[in-house]
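Hi,

Here is the structure I promised to pass on to you. Have a look around it first, and then read on for what turned up.

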Amino acid sequence: MLYFSKLRIIFITLFSLLFIAIASSNLFKFDDDFFDKKINLGLDLQGGSYLLLEIDNAPVIEQKLQNLTTTIRNYFKEQNIKINNIKIEGENIFFNVDDQSKQTIIDTFTDENSDINPYYPRFKSHQLNIEDTGLNLKVNFSKQGLITLKTSSQDQAIEIVRRRIDEVGTNEPNILKRGNNRILVELPGLDDPMRVKSLLGKTANLTFRFVTNNENDSFGVEKLKYEDGIEEATVSKRIIISGDNLLDAQPKMDTQTNQTIVSFSLDRVGAKRFGKATSTGIGKQLAIVLDGKIISAPVIRDTIASGSGQISGGFTFQTATDLALLLRSGALPAPLDIIEERTVGPDLGQDSIDAGMIALTIGFLLVIIFMFVKYKIFGLITNVTLIINLFILLGILTLFEATLTLPGIAGIILTVGMAVDANVLIFERIKEELKDEKNNIVAFDSGYIKSRTAIIDANITTLLAAIILFFMGSGPIKGFSVTLGIGIFTTLFSVYFIARLFTSLYVAKNRNKEKLI
Amino acid sequence: MIAFNKYYNHFNLISSILIFCSLILLIFKGLNFGIDFKGGTLIELRSSDSKINVSSLRDKFSQMNLGDVSVKKFGNDTDYLIKFENKDNKKNIIEEIKINLDKSFGNNFNFRRVENVGPKVSAELLRSGVIAISLSLAIMLFYIWIRFEWQFSLGAILALFHDVIVTLGVFSLFSLEINLSIIAAVLTIVGYSMNDTVVIFDRVRENLRKYSDIKIFELTNISINETLSRTIITSATTLLALLAIYLFGGEILKGFSLAMILGVIFGTYSSIYIANTVLVRLRVSQKTVLREDDQK
């Protein structure tokens with residue numbers, strides 16, 4: 001165990017130096033792209049926001065079912081089947097047909113080439129299930145249909161979320177899918193988390209609709225509140241133009257009224273419809289509705305054929321900027337709920353770094369002093385090894401560009417405390433061996449060999465705990481498991497290669513000395 | 001040589017009482033779950049006005065209709081930790097609080113940290129925490145069962161349960177907060193306690209092979225003594241490192257390091273007085289380990 005070939009010594013030295021160099025690169029700034037890897041600081045250290053958003057799919061499902069009732073009615077009308085009493089209850093559609101048509105309808109729904117019920121060959125499932133309850137027919141989304149629906153609304157939502165966040169201009173946001181109805185957003189170094197939260201909290205569903213007094217409007221009407229939450233107006237359900245028709249939106253200052261407004265331009269279809277509506281509707285009020293609330297409802301004075309217009313509504317510059325941003329980036333398919341938020345201010349992050357570094361330094365010093373007092377020269381060997389170990393650990397974290405969190409720093413400190421364990425096991429064993437064995441080299445050799453199983457067992461147990469934490473933990477805790485886990489490998493390497501190398505060199509020189517350890 | 005085995009029965013009794021009390025506490029008093037597991041909102045504030053104090057802040061917060069609010073000093077004199085349930089999961093609650101505080105105290109507050117955990121997420125976090133701890137215990141059991149005979153496995157796992165239950169018992173007794181980092185600490189304790197037990201067991205097994213005429217009662221004591229200096233040194237260095245985190249690592253790591261410190265102490269104790277006594281009570285002998293060798 002004590003013999004090292006020259007090649008091995010060179011390898012160990014180079015390896016250690018390499019990692020010391022990599023770890024040190026965190027301290028310097030390289031101008032070129034020679035080596036630009038660095039340890040990432042977690043949100044808890046550099047400040048920033050962690051937001052977990054959940055997509056509320058209920059309105060989407062309701063809307064789809066709503067559309068489906070029309071589709072079903074029209075589709076079977078063409079086949080001369082009359083659908084009666086069609087209604088939505090919960091997430092189901094119920095309807096009645098005469099008995100002889102029942103089977104035709106069920107067959108239409110369960111046909112693999114069905115026009116109204118898409119079939120997913122990959123999952124061997126239709127989008128919709130149909131069931132004869134006896135009283136009526138029941139249609140609802142199949143498990144796979146629901147998953148497809150959720151995935152598609154998640155895909156759309158993540159795109160919109162990304163656009164909105166990009167517009168705010170945070171550096172290096174991290175936007176990830178979680179499950180099939182959640183989106184994780186990590187925003188490092190964010191100045192104003194509340195603004196982002198309010199931007200993500202809005203669906204930004206914009207519609208232009210006529211204000212009407214005619215309760216019998218063929219599209220239906222609804223009563224909507226103004227932004228102030230007090231005034232109300234009756235608005236037709238017929239949508240003239242929607243947010244989808246917008247090409248651009250910008251905040252502007254109206255020089256005549258000295259008000260902040262949002263000016264917009266429409267695409268071709270939108271411009272045409274807007275022109276038609278404004279020419280036929282002169283004198284009428286056109287309500288601008290955002291997420292079910294009326295922003296304003298100006299009276300149409302002229303035909304607007306240019307395809308551009310403006311929204312006023314008592315905006316401040318900030319609210320106008322945000323509204324324009326929301327309109328540019330598009331509407332979310334469904335509302336988002338922020339179900340988890342963790343925001344750390346930059347100064348707390350810095351305080352945490354400082355505290356972590358102080359704790360690391362002091363912990364390190366305490367362990368080093370303790371080991372030196374206890375083992376003298378071998379304590380020194382352990383300590384030098386410990387320092388190299390720390391550099392290798394940091395080097396690996398740098399190489400993988402791992403994220404260092406506050407619990408991660410705790411993991412490093414804990415590694416320092418536990419890293420000496422392997423050396424202690426070896427040294428204590430050697431001491432025991434020296435009681436019966438006078439030859440230093442033989443005693444050291446068997447000390448290393450006999451302590452091996454205990455060291456490996458002991459480290460594997462800690463590693464297992466770290467692995468479980470890695471898979472079960474989230475955010476900062478994951479950072480702890482990473483440093484703890486990598487720390488085990490670097491510790492074993494440094495104990496069995498570096499410390500053993502030093503030990504063997506020392507023992508070879510002092511082979512005849514008594515009470516070596 | 002210290003006669004650890006003289007006190008096997010005494011300490012078994014004490015441990016039984018400790019576990020019993022801890023279980024009673026856990027069942028009847030329960031744990032003080034933080035917002036990670038209970039849901040709710042946490043705000044860490046720093047005030048720049050020395051006239052602001054806890055009671056004025058507490059008065060202000062209790063007027064805000066937030067339900068059950070707790071306002072506490074956090075670390076130094078200018079930092080406060082505010083916690084409330086946020087039952088209705090109001091979206092703009094932080095903004096409202098900021099406006100309210102600015103109105104009463106002027107713009108003197110720095111929102112250093114805001115955490116908001118919805119009820120769904122907290123339930124999931126709690127579940128995954130429980131799964132993580134159960135899974136780690138199961139894996140440890142499995143590992144040691146592969147490496148040693150079942151008697152050793154039982155001893156180690158009883159020691160683990162002891163450490164986890166008693167540590168949680170202390171947290172319950174002093175109403176210390178259980179959050180995500182405590183779960184991390186408990187898992188690390190599991191690893192550490194196992195580590196410590198394995199080192200002694202490894203020696204017990206070795207001695208069982210070596211001496212056929214020494215009874216397990218004596219043999220465990222020899223093994224404990226042979227590994228004692230290692231046990232002390234490793235516990236000491238680990239505790240030194242943890243103490244550094246506890247004292248200098250900032251408020252956020254306080255609970256974590258405290259749990260770890262307790263765990264290391266209990267873990268060291270249980271390796272000696274629980275894991276080994278199980279071997280004694282199960283009358284482990286040379287046959288136990290020789291049979292294992294035959295199988296290999």
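Let me begin with a pair of helices in chain B, H5(B) and H6(B), which are roughly antiparallel to each other. The model you are looking at is predicted, so please keep that in mind as you read.

**The helix pair in chain B**

You can find H5(B) at residues 119-147 and H6(B) at residues 150-173. Their axes come within 8 Å and cross at roughly 155°. Because an angle over 145 degrees counts as roughly antiparallel, this pair earns that description. The crossing in which H5(B) passes H6(B) is right-handed.

Which residues of H5(B) meet H6(B)? On the H5(B) side they are Leu137(B), Met140(B), Leu141(B), Ile144(B) and Trp145(B). Their partners in H6(B) are Trp150(B), Phe152(B), Ser153(B), Ala156(B), Ile157(B) and Leu160(B). Sorted by class, the residues of this contact are 10 nonpolar and 1 polar, with no charged ones.

**A helix pair in chain A**

Chain A offers another crossing to look at, between H1(A) at residues 6-24 and H10(A) at residues 377-399. Here the axes come within 7 Å and cross at roughly 60°. That makes H1(A) and H10(A) oblique to each other, and their crossing is left-handed.

From H1(A), the residues that meet H10(A) are Ser16(A), Phe19(A), Ile20(A), Ile22(A) and Ala23(A). They face Ile388(A), Phe391(A), Ile392(A), Leu394(A), Gly395(A), Thr398(A) and Leu399(A) in H10(A). This contact divides into 9 nonpolar and 3 polar residues, and again no charged ones.

**The two chains as wholes**

Now zoom out. Chain A holds 14 helices and 21 strands, while chain B holds 10 helices and 6 strands.

How does the radius of gyration of chain A stand beside that of a compact globule of 517 residues? Chain A has 35 Å, whereas the globule would be near 24 Å. Its C-alpha trace spans about 110 × 70 × 40 Å along the principal axes. Chain B has a radius of gyration of 24 Å, and a compact globule of 296 residues would be near 19 Å. The C-alpha atoms of chain B fill a box of roughly 80 × 35 × 30 Å along the principal axes.

Buried residues make up 40% of the 517 in chain A and 48% of the 296 in chain B. You can also ask how far apart in sequence contacting residues are. Among contacts in chain A between residues at least 6 apart, 68% join residues at least 24 apart. For chain B, residues 24 or more positions apart account for 77% of the contacts with a separation of 6 or more.

**Where the chains touch**

The contact between the chains takes 53 residues from chain A and 56 residues from chain B. On the chain A side, the elements that each supply at least two residues are strand S20 (336-344) and helices H9 (346-375), H11 (406-436), H13 (452-472) and H14 (475-509). By class, that side has 32 nonpolar, 11 polar and 10 charged residues.

**Three residues to click on**

Most residues other than glycine have a negative phi. Two residues of chain A are worth a look with that in mind.

- Asn85(A) has a positive phi, near 50°. It lies in strand S3 (residues 84-89) of chain A. With 10 C-beta neighbours inside 10 Å, Asn85(A) counts as exposed.
- Ala204(A) also has a positive phi, near 65°. It lies in the loop between helix H6 (193-200) and strand S11 (206-210) of chain A. Is Ala204(A) buried or exposed? It counts as buried, because it has 20 C-beta neighbours inside 10 Å.

The last residue is in chain B.

- Asn276(B) lies in helix H9 (residues 254-281) of chain B. It counts as buried, with 28 C-beta neighbours inside 10 Å. Leaving aside neighbours within four places in sequence, Asn276(B) is in contact with Gly155(B), Ile200(B), Thr220(B) and Ile224(B). The C-alpha atoms of Asn276(B) and Asn221(B) are separated by 8.6 Å, and these two residues are 55 residues apart along the chain.

Enjoy exploring!

Best wishes

How values were computed:
Residues are numbered from 1 along each chain as its sequence is written. Chains are lettered from A and ligands numbered from 1 in the order in which they are written. This is a predicted model: local features need pLDDT of at least 70, side-chain atom pairs count only at pLDDT 80 or more; totals for chains, interfaces and linings use all residues. Axes are lines fitted to C-alpha atoms, for helices over the stretch in contact, and angles run from 0 to 180 degrees between N-to-C directions. Helices (H or I, at least four residues) and strands (E, at least two) are DSSP runs, numbered from the N terminus. Angles under 35 degrees count as roughly parallel, over 145 as roughly antiparallel, 65 to 115 as roughly perpendicular and the rest as oblique. A crossing is left-handed if the near helix is turned anticlockwise from the far one by less than a right angle, and right-handed if clockwise. Two residues are in contact if their C-beta atoms, placed from the backbone, lie within 7 Å. Ala, Val, Leu, Ile, Met, Phe, Trp, Tyr, Cys and Pro count as nonpolar, Asp, Glu, Lys and Arg as charged, and the others, Gly among them, as polar. The radius of gyration is taken over C-alpha atoms; the globule rule is 2.2 Å times the number of residues to the power 0.38. A residue is buried if 20 or more other C-beta atoms lie within 10 Å of its own, exposed if 12 or fewer, and partly exposed in between; C-beta atoms are placed from the backbone.
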